[in-house]
Amino acid sequence: MKMNLRQGIWVLAVAVGMGVTGGTVPAIGAPFFQDHDQDHGQDYSKNKNYQQGMRDGQFDHAHNKDHSKKRHFKKDDDQKAYEAGYQKSHGN
């Protein structure tokens, strides 16, 4: 009887430990998995590439396509603006 009680307490302690760890790891890791397309609040709304991304995203969403036009820009900011607009309008 004494052995079963010890095993039961041990199993309970491990289960509680896993429950506590499992509950805190996602909360701690959440900031690392945030969407980085937002570029820290940068406003692209007046950018022509953002607007083109919005149009392409709306078209693809309406026609059930997934990024049908692969556009590439010379400047990294232009690419980011396009992708931000596309993702916002496509619903991703």
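Reader: In this predicted model, is Gln-79 buried or exposed?

Author: The model is a predicted one, and within it Gln-79 has its place in helix 3, which covers residues 76-90. A residue counts as buried when its relative accessible area is under 20%. Because the relative accessible area of Gln-79 is 18%, this residue is buried.

Reader: Which residues is Gln-79 in contact with, leaving aside its neighbours within four places in sequence, and which backbone oxygen does its side chain reach?

Author: Once the neighbours within four places in sequence are left aside, Gln-79 is in contact with Arg-71, His-72 and Phe-73. With one of these residues there is also a link from the side chain of Gln-79 to a backbone oxygen, at 3.2 Å, and that oxygen belongs to Arg-71.

Reader: How many helices and strands does the chain have, and what pattern does it follow along the sequence?

Author: The chain has 3 helices and 0 strands. Helix 1 takes in residues 2-29, helix 2 takes in residues 48-62, and helix 3 takes in residues 76-90. Read along the sequence, the pattern is therefore α-α-α.

Reader: Which element of the chain has the highest mean pLDDT, and which the lowest?

Author: For the chain as a whole the mean pLDDT is 76, and 71% of the residues reach 70 or more. Over residues 32-38 the pLDDT is below 50, and this stretch has 2 contacts in the model beyond near neighbours in sequence. Among the elements of the chain, the highest mean pLDDT, 91, belongs to helix 2, and the lowest, 68, to helix 1.

Reader: Which residues make the nonpolar surface patch, and what is its area?

Author: One member of the patch is Met-18, which lies in helix 1 and counts as exposed because its relative accessibility is 59%. Together with Trp-10, Val-11 and Val-14, Met-18 makes a nonpolar surface patch of about 460 Å².

Reader: What share of the exposed area of the chain do carbon and sulfur atoms supply, and what share of the residues count as buried?

Author: The chain exposes about 7,600 Å², and carbon and sulfur atoms supply 59% of that area. Of the 92 residues of the chain, the share that count as buried is 22%.

Reader: Is Lys-48 buried or exposed, and what distance separates its C-alpha atom from that of Gly-85?

Author: Lys-48 lies in helix 2 and counts as exposed, because its relative accessibility is 65%. Although Lys-48 and Gly-85 are 37 residues apart along the chain, their C-alpha atoms are separated by 9.9 Å.

Reader: Where does Lys-46 lie, and how far apart in space are Lys-46 and Ala-81, C-alpha to C-alpha?

Author: Lys-46 lies in the loop between helix 1 and helix 2, and with a relative accessible area of 76% this residue is exposed. Lys-46 and Ala-81 are 35 residues apart in sequence, while from C-alpha to C-alpha their separation in space is 9.8 Å.

Reader: What part of the contacts with a separation of 6 or more comes from residues 24 or more positions apart?

Author: Taking the contacts in the chain with a separation of 6 or more, residues 24 or more positions apart account for 64%.  This share concerns contacts, for which heavy atoms have to lie within 4.5 Å, and its value is 64%.

Reader: Where is Asn-64 found, and what is its phi value?

Author: Asn-64 is found in the loop between helix 2 and helix 3, and at 74% relative accessibility this residue counts as exposed. Its phi is positive, in a residue other than glycine, with a value near 55°.

Methods: Residues are numbered from 1 along each chain as its sequence is written. This is a predicted model: local features need pLDDT of at least 70, side-chain atom pairs count only at pLDDT 80 or more; totals for chains, interfaces and linings use all residues. Side-chain values use heavy atoms; hydrogens and water are left out. Patches are made of residues with over 30% relative accessible area and no salt bridge: like charges are joined within 9 Å, nonpolar side chains (Val, Leu, Ile, Met, Phe, Trp, Tyr) within 5 Å. Accessible areas come from the Shrake-Rupley method with a 1.4 Å probe; for residues, only the protein chains shown count as cover. A salt bridge is a side-chain nitrogen of Lys or Arg within 4 Å of a carboxyl oxygen of Asp or Glu. Helices (H or I, at least four residues) and strands (E, at least two) are DSSP runs, numbered from the N terminus. Buried means under 20% relative accessible area, exposed over 50%, partly exposed in between (1.4 Å probe, protein chains only). pLDDT is the predictor's confidence in each residue, from 0 to 100. A polar contact is a pair of N or O atoms within 3.5 Å; within protein, one must be able to donate a hydrogen and the other to accept it, and residues adjacent in sequence count only if both atoms are side-chain atoms.
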